[in-house]
Amino acid sequence: MSHSTAADVRIVATGLYTPPHAISNEELVDALNAYVADFNDKNADAIAAGDVEPLQPSSPEFIEKASGIKSRFVVDKEGILDITRMAPHIAPRPNEDLSLLAEMGVTAARDAMRAADLKPQDIDGVICAASNMQRAYPAIAVEIQDALGIDGFAFDMNVACASATFGIETGLGLIRAGARRILMVNPEICSAHLNFRNRDCHFIFGDVATAVILERNDGAATGETWEILGTRLKTKFSNNIRNNFGFLNHCERETGAPADPQTDPATDKLFMQEGRKVFKEVVPMVSELISGHLSDVGVAPEGVKRFWLHQANLAMNEFIARKVLGRDATREEAPVVLDEYANTSSAGSIIAFHKYKADFQPGDIGVICGFGAGYSAGSVIVRKAS
Ligand code: CO8
């Protein structure tokens with residue numbers, strides 16, 4: 001467990017990039033059900049002989065009831081809804097062009113820099129903290145740094161859905177080590193690692209990018225500022241959320257060509273999870289983390305105005321808030337962006353923070369909390385300063 005407690009670093013801005021295309025549950029289900037009908041039709045003889053299991057359809061009602069998700073934003077809608085493809089179409093770009101992940105990060109970063117009226121020369125370092133990097137190297141963060149014209153350093157880090165909270169803690173440490181300001185970005189193209197043919201998970205994720213700027217508490221920021229009262233991180237190994245895509249896949253085959261992850265339904269190179277187990281195991285881990293963290297920082301749960309929680313499942317967030325507060329939280333206390341954005345991995349809690357903080361008065365306290373694969377969980381307690 002890692003934690004820090006002094007309010008010597010603050011958040012001075014957040015930024016958001018929302019992709020232009022939205023897919024409703026109904027549209028997503030229509031595509032999956034057309035694929036299922038086509039599959040069952042083509043395999044009718046094998047299904048009748050008992051050699052192949054028929055695929056089951058999905059439904060918008062199930063999705064909303066099980067998760068709270070109504071819609072999601074994606075970088076490409078057409079490819080996902082095309083039943084002969086069922087994956088976003090993301091055209092390769094020449095190495096000289098900005099990569100898509102970096103482009104999303106840059107847009108969110110510019111939004112944050114505008115909000116705090118900061119120039120590239122005001123920032124010393126860039127962290128790209130996200131679940132899926134577009135490539136191994138050069139680091140996406142270095143590409144973002146270059147595109148923004150920041151003279152300093154940059155690196156990538158990945159702690160799945162908890163990446164943003166781990167990124168805030170890392171930025172805080174870099175500021176304590178001497179950096180003036182750190183830009184922390186969370187570009188997530190979750191749709192590219194999702195199996196849209198699998199009804200168990202086809203509805204879960206969306207794409208987005210968020211950004212947070214941190215600075216030393218004696219910095220010169222003039223707009224809104226949020227003192228970080230404390231951070232706490234925790235990880236605990238679990239196979240219940242997993243993605244086996246990696247650079248060794250190429251070497252794993254015994255003969256022939258590697259399986260194509262988009263056409264091999266048995267692939268484990270895309271996102272997979274035991275959703276029920278995740279739910280049961282992560283709720284206590286996260287509620288204990290938040291409760292223990294608040295207690296150690298000397299803040300009573302009823303002294304928290306808002307919980308900006310990771311957005312994976314509505315019922316999960318309601319459970320966590322209930323365990324921490326000892327009663328149901330209102331939507332104002334634990335806002336939901338999941339209905340519109342779905343699970344955007346590391347970005348979810350930051351979207352909630354970005355959208356639901358305007359009503360805070362100096363002295364008001366809130367908790368940003370990210371959690372997910374690993375398992376991993378991070379809590380950041382903030383107090384509105386100005
Ligand atoms: N339509 C209709 N019925 C369905 C569907 C569907 N689409 N899907 C499943 N069903 C059926 C099942 O077959 C099952 O039927 P039966 O009872 O006959 O067996 C029934 O509905 C119930 O299924 P589940 O038990 O799976 O349903 P749940 O109520 O548990 O809901 C959830 C499933 C929504 C997945 C839920 O378990 C959940 O949200 N759990 C928490 C998940 C979570 O928080 N995961 C964290 C992931 S985020 C993360 O860290 C990943 C980081 C990497 C991101 C990378 C991007 C790709």
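## A tour from the ligand outward

Start at the ligand. This is a predicted model, and 29 residues surround the ligand in it. Select the closest: Ser58, Cys161, Arg276, Asn313 and Ala373.

Now show the polar atoms. Pick Arg276: a polar atom of its side chain lies 2.7 Å from an oxygen atom of the ligand. Move to Asn313. Here too a polar side-chain atom lies 2.7 Å from a ligand oxygen. Then click Ser59. This time the backbone supplies the atom: an N or O of Ser59 lies 3.4 Å from a nitrogen atom of the ligand.

How much of the ligand's accessible area does the protein cover? On its own the ligand has 1200 Å², and the protein covers 75% of that.

Next, colour the helices around the ligand. Two elements, α3 (60-67) and α9 (275-297), each give two or more residues to the shell. Which one gives the largest share? Look at α9, which supplies four residues. Colour the shell by class as well. You should find 14 nonpolar, twelve polar and three charged residues.

**Next stop: Asn186**

Select Asn186 in strand β7. Is Asn186 buried or exposed? Its relative accessibility is 0%, so Asn186 counts as buried. Follow its side chain to Ala129. A polar atom of the Asn186 side chain lies 2.9 Å from the backbone oxygen of Ala129. Now show the contacts of Asn186 beyond four places in sequence. Among them are Ala164, Val208, Thr210, Ser346 and Ile350.

Use Ile350 as your bridge to helix α12, residues 348-355. Six of the eight residues in α12 are buried. Select them: Gly348, Ser349, Ile350, Ile351, Ala352 and Phe353.

**Next stop: Leu194**

Go to the loop between β7 (181-189) and β8 (207-216), and select Leu194. Leu194 has a relative accessible area of 2%, so it is buried. What does Leu194 touch, leaving aside neighbours within four places in sequence? Show Cys201, His202, Ile204, Phe205, Leu270 and Phe271. Then draw a distance line to Met272. Leu194 and Met272 are 78 residues apart along the chain, yet their C-alpha atoms are separated by 8.3 Å.

**Next stop: backbone oddities**

Most peptide bonds are trans, and most residues other than glycine have a negative phi. Here are some exceptions to inspect.

Zoom in on Tyr137 and Pro138. The peptide bond from Tyr137 to Pro138 is cis, with omega near -5°. Pro138 sits in the loop between β5 (125-129) and α6 (140-148).

Then jump to Gly374 and Tyr375. The bond joining them is also cis, with omega about -10°. Tyr375 is in the loop between β13 (365-372) and β14 (376-384).

Now check phi. Asp117 is not a glycine, but its phi is positive, about 55°. Find Asp117 in the loop between α5 (100-115) and β5. Ser345 also has a positive phi of about 55° without being a glycine. Look for Ser345 in the loop between α11 (338-341) and α12.

Which way does each one fall, buried or exposed? Asp117 is exposed because its relative accessible area is 57%, over the 50% cut-off. Ser345 counts as buried because its relative accessibility is 2%, under the 20% cut-off.

**Last stop: residues 295-383**

Select residues 295-383. An unreviewed UniProt entry annotates this span as "domain: Beta-ketoacyl-[acyl-carrier-protein] synthase III C-terminal". The span is 30% helix and 22% strand. Finish by joining its ends: their C-alpha atoms lie 15 Å apart.

Conventions. Residues are numbered from 1 along each chain as its sequence is written. This is a predicted model: local features need pLDDT of at least 70, side-chain atom pairs count only at pLDDT 80 or more; totals for chains, interfaces and linings use all residues. Side-chain values use heavy atoms; hydrogens and water are left out. UniProt positions are given in the numbering used here, feature names are shortened, and annotations may be inferred rather than shown by experiment. Buried means under 20% relative accessible area, exposed over 50%, partly exposed in between (1.4 Å probe, protein chains only). Contact means heavy atoms within 4.5 Å. A residue is near a molecule or strand if one of its heavy atoms lies within 4 Å of it. A polar contact is a pair of N or O atoms within 3.5 Å; within protein, one must be able to donate a hydrogen and the other to accept it, and residues adjacent in sequence count only if both atoms are side-chain atoms. Accessible areas come from the Shrake-Rupley method with a 1.4 Å probe; for residues, only the protein chains shown count as cover. Ala, Val, Leu, Ile, Met, Phe, Trp, Tyr, Cys and Pro count as nonpolar, Asp, Glu, Lys and Arg as charged, and the others, Gly among them, as polar.
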